[in-house]
Amino acid sequence: MYRPPPRSRGLPSTVKRFADIILPLALPKRSYTYAVPDELAPGIQAGVRAEVPFGKNRLYSGVVERVHSEAPGYRVKPILAVLDEIPVVTGRQLQLWDWLADYYCCTLGEVMNAALPGHLKLASETKLVFHAGFGDDFSGLDNDEYLLAEALYLQQEITIDDARKILNKKTVVPVVQRLLAKGVLSLREDLQEKFRPKTALALRLAEPYRSDPELLRPVFDELEKAGRQVEALLAFLHLSRERAFVRRQEVLDKAGVGESAIRILVKKEILKLYERKVSRMAGFEDELVEAGALSDQQRRALTAIHAAFREKDTVLLHGVTGSGKTRVYLELMREVLLQGGQVLYLLPEIALTTQIIHRLQRVFGADVVVYHSKINYNERVEVWRAAAAGKPVSLAARSGLFLPFQNLQLIIVDEEHDPSFKQYDPAPRYNARDTAVYLASLYGAKVLLGTATPALETYYNVRQNKYGLVEMPGRFGGLQLPDIRFVDLREQHKTKQMQSIFSPALLDALKLALSNGEQAILFQNRRGYSPILECQLCGWTAQCRHCDVSLTYHKHSHRLRCHYCGYQQETPAACPACGSGKVGLLGFGTEKIEDELKLFLPDARIGRLDLDTAGTKNSLTAILNAFEEKRLDVLVGTQMVTKGLDFDNVGVVGVLGADQLVRFPDFRAGERAYQLLTQVAGRAGRKHKQGRVLVQAWNPAHPVLQEVLRGDFTGFMARELNERQQFQYPPFFRLIHIRLQHKDEKTALLAAEFLATGLRKSMGKRVLGPVQPHIPRIRNYYGQEILLKLEKSAAVIQSAKALVRQATDVVTAQLGWGQVRVAVDVDPA
């Protein structure tokens, strides 16, 4: 564990000073000792960054872990520069880093690399890019800044190494930081990950009416016979008196007219339609509103949470979809803010939770900041500093755990079951939910885990009396849970009733919902048009060159793509193996659902939400806004449609491929299927009336599907926990998963067998494998997997981790195995 260092300024001036530096690299030692030159001694302290040389001609900015006078016994290199006047990393953060490195079996450098935003870990190879918006006026820059700005203006992109040569200085990071702050340059990674603000369609008066509204009087005379246009214009004028900007959807809702009325007013140049940026980062512009009155159930839940927090530090809030958990969060947050504390609100995927962001900002205004990996440099700096200064509310994805809080009192983990809270690659492969519990212990804070479908581990901790439990079994306003029905695909195909990939029951439900002015969501957890292209004569299938998987056909681009490495190729008209023209598609994804649905519902406005459509510029927010504003009738999507969406007009939800969820070869498949199906069903009938859910399945009698149908959470948990205990899986046993990869298949196998043999000498039957993964080769790397099943004993687990660290070092040190990749995943999700 990190221990606060002695104050360096208390050391006598005659004593030689040293500093232990953490570097953002996967290195065997936790930190490296450097000499502190006398001229830098006054500014050196734990938590500040220092620029240091490492290796051959490489410079890095590391974090000072400790300042001391203990000579290491070998010649040390000096620190080149101290980059901060005050610490950027607190003592508690260093304790968290230490815990993560130890618990998740990785290096401290890997944790640092994940924890710090890019601008705080500049290295020799970091690329600097000229910001074209700055222009060519460098008159306000000093000499060093001018030289770098001029070089960037001419070359557009340079590395920090290039900057050193230009300025003929060993350390240029302070100059780079000043230019970043002035907007002269950006980091390459920031440009790639720049956050895209949400936009909304808004209306305003066109000129000359905007400048002189009195000119509208004759316009009303002209529109006398166009009643709907008059209603739309009156609705706009009424709303424009109440708020700074008027959304188009608000006018449509208030006037009760169709889009054509707005379209004609825009065409007549009376109104102007424009896109209004609703930035998630900027200060909130609208007037703050009250959160709304608590229902009886919400008041009872709040009282129960307070009581549970008096006995437990972590409480599970188990509320059905639509029960109003967010309103309870708001009340708890308000209480913390009144005490001068800070709240961390964790969400599984920040981009898919625009509604929650807006709701929090409407209540707490500028007290809310948003933090995740896709915001740009200036925003990261602002949020980092704001958290350090005591900003009350931080809304974040899992990376928000690394912010430098001062007075953290409450952590809310919303949708705590979501697998997106688990970091997979690179290390540290941490679970944000579990890390939040440890982080709260460092601050003496409380943790509230909220979900409609708790993770088995969380539910087990409740049963073991480790966590408190508060339940919200009813929907807000007394609304009914959705009516779930299964469609037996075997029976439908046997009687030849299927219409392409849709059952008559699903199509009838969709048509009825649309005729009633309602919307619908269709869920299929597979993107693309079809996952397999196969020759019907010889059995050839289109395979990826770099991975052992079939290529997925995408109709929009008429290309075959690999969803693992990104490889693409043209779609062959004939079989490359036998020359036959009988090449057909098997299976279906979201793209095919969208395409086929247009044939059966030609008048419906259909949108698609998956990685293909949500990965382009502004497309994600555009799709969500269009559905929210009722410009789309049907939304087809992958599991994205199950997360954080609350639309008040969804009458029907359809699930087209339920079987593939429960058939996946993973011990968590049943749990994930139950969670996904329950969550997507909860999108139906959220506010006005009971919704309908139709689930198409080949085996509706499957236990998990039947438990979803009955809403039998208790029965599902009892059966699943019994199976987990019987087969020695979490939460009764602990798992450590080890993945080895190499470009040579034989080398990967030999290295894995060597590692497994070494582990078995001490751990015996606890070691399973090595085995080939279900996808043997990905990106030209062949894989082998080893699984450790460990009883829940702290001594056994710590011993296992130490052995794994030692054994992996031995493997990579063997002649010819230096390029073997070894990834250790503690508590794999």
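Tyr-103 is a good place to start, as this tyrosine is buried at a relative accessible area of 18%; here buried means under 20% relative accessible area, exposed over 50%, and partly exposed in between (1.4 Å probe, protein chains only). The model is a predicted one, in which local features need pLDDT of at least 70 and side-chain atom pairs count only at pLDDT 80 or more, while totals for chains, interfaces and linings use all residues. Residues are numbered from 1 along each chain as its sequence is written, and side-chain values use heavy atoms, with hydrogens and water left out.

Aromatic contacts come next. Rings of Phe, Tyr and Trp (its six-membered ring) pair if their centres lie within 6.5 Å, with planes under 30 degrees apart counted as stacked, over 60 as edge-to-face and the rest as tilted. Searching the whole structure in this way yields 21 aromatic pairs. In one of them, the ring centres of Tyr-103 and Tyr-104 are 4.7 Å apart and the planes stand at 70 degrees, so the arrangement is edge-to-face. Tyr-104 is buried, at 1% relative accessibility. Another pair joins Phe-130 and Tyr-153, and it is edge-to-face because the planes meet at 80 degrees, with the centres 5.6 Å apart. Since Phe-130 belongs to strand E6 (residues 127-130) and Tyr-153 to helix H3 (residues 143-155), this pair ties together parts that are 23 residues apart in sequence; helices (H or I, at least four residues) and strands (E, at least two) are DSSP runs, numbered from the N terminus. Phe-130 is buried at 7% relative accessibility, whereas Tyr-153 is partly exposed with a relative accessible area of 38%. Both residues belong to one aromatic cluster, formed by Phe-130, Phe-134, Phe-138, Tyr-146 and Tyr-153.

Charged side chains also meet aromatic rings. A charge sits over a ring if NZ of Lys or CZ of Arg is within 6 Å of the ring centre and within 35 degrees of the ring normal. Returning to Tyr-103, its face is covered by Lys-801, at 4.0 Å from the ring centre. Likewise, Arg-821 places its charged end over the ring of Tyr-781, 3.8 Å from the centre.

Tyr-146 of the aromatic cluster reappears at the surface, where Tyr-146, Leu-147 and Ile-166 make a nonpolar patch of about 240 Å². Patches are made of residues with over 30% relative accessible area and no salt bridge, with like charges joined within 9 Å and nonpolar side chains (Val, Leu, Ile, Met, Phe, Trp, Tyr) within 5 Å; the areas come from the Shrake-Rupley method with a 1.4 Å probe, and for residues only the protein chains shown count as cover. Ile-166 is found in helix H4 (residues 160-167) and is partly exposed, at 32% relative accessibility.

Salt bridges, defined as a side-chain nitrogen of Lys or Arg within 4 Å of a carboxyl oxygen of Asp or Glu, number 47. One of them brings Arg-490 to Asp-488 (3.7 Å, N to O); Arg-490 is partly exposed at 47%, and Asp-488 is partly exposed at 27%. Another links Asp-612 with Arg-527 at 2.5 Å, N to O. That pair connects distant parts of the chain, 85 residues apart: Asp-612 is in the loop between strand E26 (606-609) and helix H20 (619-628), and Arg-527 in the loop between strand E20 (519-523) and strand E21 (532-535). Asp-612 is partly exposed, with a relative accessible area of 21%, while Arg-527 is buried at 18%.

Arg-734 and Asp-827 form a further salt bridge (3.0 Å, N to O). Because Arg-734 lies in strand E30 (residues 733-742) and Asp-827 in the segment after strand E34 (821-826), this contact ties together parts 93 residues apart in sequence. Arg-734 and Asp-827 are both buried. Elsewhere, a network of salt bridges links Glu-457, Arg-668, Glu-671, Glu-707, Arg-719, Glu-720, Glu-723 and Arg-724.

Helix H12 (residues 325-338) rounds off the picture. Its 14 residues reach 20 Å from first C-alpha to last, close to the 20 Å expected at 1.5 Å a residue, where the expected span is 1.5 Å times one less than the number of residues. H12 is mostly covered, with eleven of its 14 residues buried, including Tyr-329, Leu-330 and Met-333. Just after H12, Gly-340 adopts a positive phi of about 80 degrees.
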